[in-house]
2 protein chains.
Amino acid sequence: MPTTRRRSSPRPETAARRREILQAALEIFGQKGYNNGPLAEIADQVEMTHAGILHHFGSKDRLLVEVLRYRDESDVEGLDEQHIPGGIELFRHLVRTAFTNESRPGIVQAYAVLSAESVTDGNPGRSYFEERYTVLRGEVADALREMCRDRGVDEPANVARASASVLAVMDGLQVQWLLDRDNVELAEASRFAIEAIVTAVLDPRPSPLGDDLP
Amino acid sequence: MPTTRRRSSPRPETAARRREILQAALEIFGQKGYNNGPLAEIADQVEMTHAGILHHFGSKDRLLVEVLRYRDESDVEGLDEQHIPGGIELFRHLVRTAFTNESRPGIVQAYAVLSAESVTDGNPGRSYFEERYTVLRGEVADALREMCRDRGVDEPANVARASASVLAVMDGLQVQWLLDRDNVELAEASRFAIEAIVTAVLDPRPSPLGDDLP
DNA sequence: GAATTGTTACTGACTGCATTGTAAGTTCTA
DNA sequence: TAGAACTTACAATGCAGTCAGTAACAATTC
């Protein structure tokens, strides 16, 4: 028996429809959080019923992980041109991102809310964020080492600490900014902090706090 | 008519019972988030029904704001002795806190989760966090200015940016740590970043990223 | 290239569960 | 003895997910 497999290809407009849903979900999850963001509201925004969304994504959990992947792609697409910068260019890119993010409160909020929510019990986005931070820390660390090499700094200490700190300060400032959007200082703070941290790696100096801490 | 107002005072053990509830709520909200943390689960932990909790706090919203206030108090009580340190001592205190926090994942997670969740639509904890960050930034800024004065640094630039950055880096590192508790570097990163930022205020140097950024 | 057949992309109705809040009743105690 | 500190029972939503059905479309067959 040849058992000719019958398998229709998805319709041409389906991909676009899915993207519409992902966009709407990103907005709703960003505004209200994952647990507090009902499928029905996402469905409304794309003129569909919540059952339609479940048809495309199977479950709310799976929708979330696809939303997170989608955010990644659209981020790279929108800000970068094509390649990931390295060395000093990475940090310049991060600073520019901090500034352009001021015009995208939706995405900023989605990221802040969903990353923190991901550490709660049984959250489906957790492994996404675990991996994301690991990858990003690695990229920042590589860029830092490249800068050290360029400037003849041998055996740079604190590269790992600095990488985590750079990402942390950007995330933390975003939360503060979301709570107080009129505070323009907060955007500038990203540049200041990143410069401070990079400087401390390239040209370490004695601690102003003394050497007797833990 | 004298209308002798009849108004019983609460029973002596009531205060302790309320504290038990606040403690349990802090745990549950920390583990599962505010929206995802049901009253029933908090009630279980103190051997009560959820209606009992509502008797004490009126609504879930009001419970949250009391939980946040409670966290503040117990924090100060546990770590500080009595007074808030200023100047260099504040930063030494912050670094020590970062280290001792490693043994209190519950509270750390509660803070990280609830602060991010507070920026979502209609969250009852929002104004608490708005005020908290404003106050904390002010305290850190004062401490920085004091250090500048002590060391003869005039018209220190970037004090506001540095204050926000210090808080941001601590918060951001906590999220990363919650996602990867085995990563011991992350605790040390707090000290490194705080030192870097304070140094950049006390003894500013040219940006390693160039001066042509936004 | 028309008819057939299976699949996609839904909708609407429904199920079942979780959850906050309320109301009435009970016990205890200041 | 009134009010504090509950409990039990219930009301009222809200929400994810299932299922049966329908219309449109794609692939296969003739």
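Start by selecting DNA strand C in this predicted model. Take the strand's atoms within 4 Å of the protein: 66% of them belong to sugar or phosphate, and the rest to bases. Now show the protein residues around the strand. There are 24 of them, and A:Arg11, A:Thr14, A:Thr49, A:His56 and B:His50 come nearest. Try colouring the surface near strand C by residue type: you should get eight nonpolar, ten polar and six charged residues.

Which elements supply at least two residues each of that surface? Select α1 (14-32) and α3 (50-57) in chain A, then add α3 (50-57) of chain B. Of the contributors, α3(A) gives the most, with four residues.

Next, zoom in on some individual contacts with strand C. Click on B:Arg11: an N or O atom in its side chain is 3.0 Å from a base oxygen of the strand. Move on to B:Leu39, where a polar backbone atom is 3.1 Å from a phosphate oxygen of strand C. B:Lys60 also uses a polar backbone atom, and here the distance to a phosphate oxygen of strand C is 2.9 Å.

**Over to the other strand**

Hide strand C and select DNA strand D. This one has 25 residues around it, the closest being A:Ser9, A:His50, B:Arg11, B:Thr14 and B:Thr49. Of the strand D atoms that come within 4 Å of the protein, sugar and phosphate make up 66%. Colour the surface near strand D by type and you'll find eight nonpolar, ten polar and seven charged residues.

Three contacts are worth a click here. A:Arg11 has a side-chain N or O atom 3.0 Å from a base nitrogen of strand D. At A:Leu39, a backbone N or O atom lies 3.1 Å from a phosphate oxygen of strand D. For B:Thr49, look at the side chain: a polar atom there lies 2.8 Å from a phosphate oxygen of strand D. The elements giving two or more residues to this surface are α3 of chain A, plus α1 (14-32) and α3 of chain B. With four residues, α3(B) gives the most to the surface near strand D.

**How the two chains fit together**

Now hide the DNA and show both protein chains. What turn lays chain A on chain B? A turn of 180° does it, with a shift of 0.0 Å along the axis and an RMSD of 0.1 Å. The two copies are therefore related as by a two-fold rotation axis. The same surface serves both copies, since 100% of the contact residues of chain A recur in chain B. To find the axis, select A:Val169: of chain A's residues, its C-alpha comes closest, at 2.1 Å.

Stay with the interface for a moment. The contact takes 70 residues from chain A and 70 residues from chain B. Between them, the chains bury about 5,800 Å², with 63% of it on carbon and sulfur atoms. Highlight A:Leu179, A:Phe192 and A:Leu209, which supply 13% of the area chain A buries against chain B, more than any other three residues.

**Last stop: inside chain A**

Finally, show chain A alone and colour its two domains: domain 1 (14-74) and domain 2 (84-204). Their centres, taken over C-alpha atoms, are 27 Å apart. Where they touch, domain 1 puts in 14 residues and domain 2 puts in 13 residues. The area buried between these domains is about 1,200 Å², and carbon and sulfur atoms give 63% of it. To finish, select A:Gly30, A:Leu68 and A:Arg71: in domain 1 they lose the most area to domain 2, together 41% of what that side buries.

Note on methods: Residues are numbered from 1 along each chain as its sequence is written. Chains are lettered from A and ligands numbered from 1 in the order in which they are written. This is a predicted model: local features need pLDDT of at least 70, side-chain atom pairs count only at pLDDT 80 or more; totals for chains, interfaces and linings use all residues. Side-chain values use heavy atoms; hydrogens and water are left out. Copies are superposed by least squares on the C-alpha atoms of residues with pLDDT of at least 70 in both. Contact means heavy atoms within 4.5 Å. A residue is near a molecule or strand if one of its heavy atoms lies within 4 Å of it. A polar contact is a pair of N or O atoms within 3.5 Å; within protein, one must be able to donate a hydrogen and the other to accept it, and residues adjacent in sequence count only if both atoms are side-chain atoms. Ala, Val, Leu, Ile, Met, Phe, Trp, Tyr, Cys and Pro count as nonpolar, Asp, Glu, Lys and Arg as charged, and the others, Gly among them, as polar. Domain bounds come from an automatic or database domain assignment. Buried area is the accessible area (1.4 Å probe) that two parts lose on being put together, summed over both.
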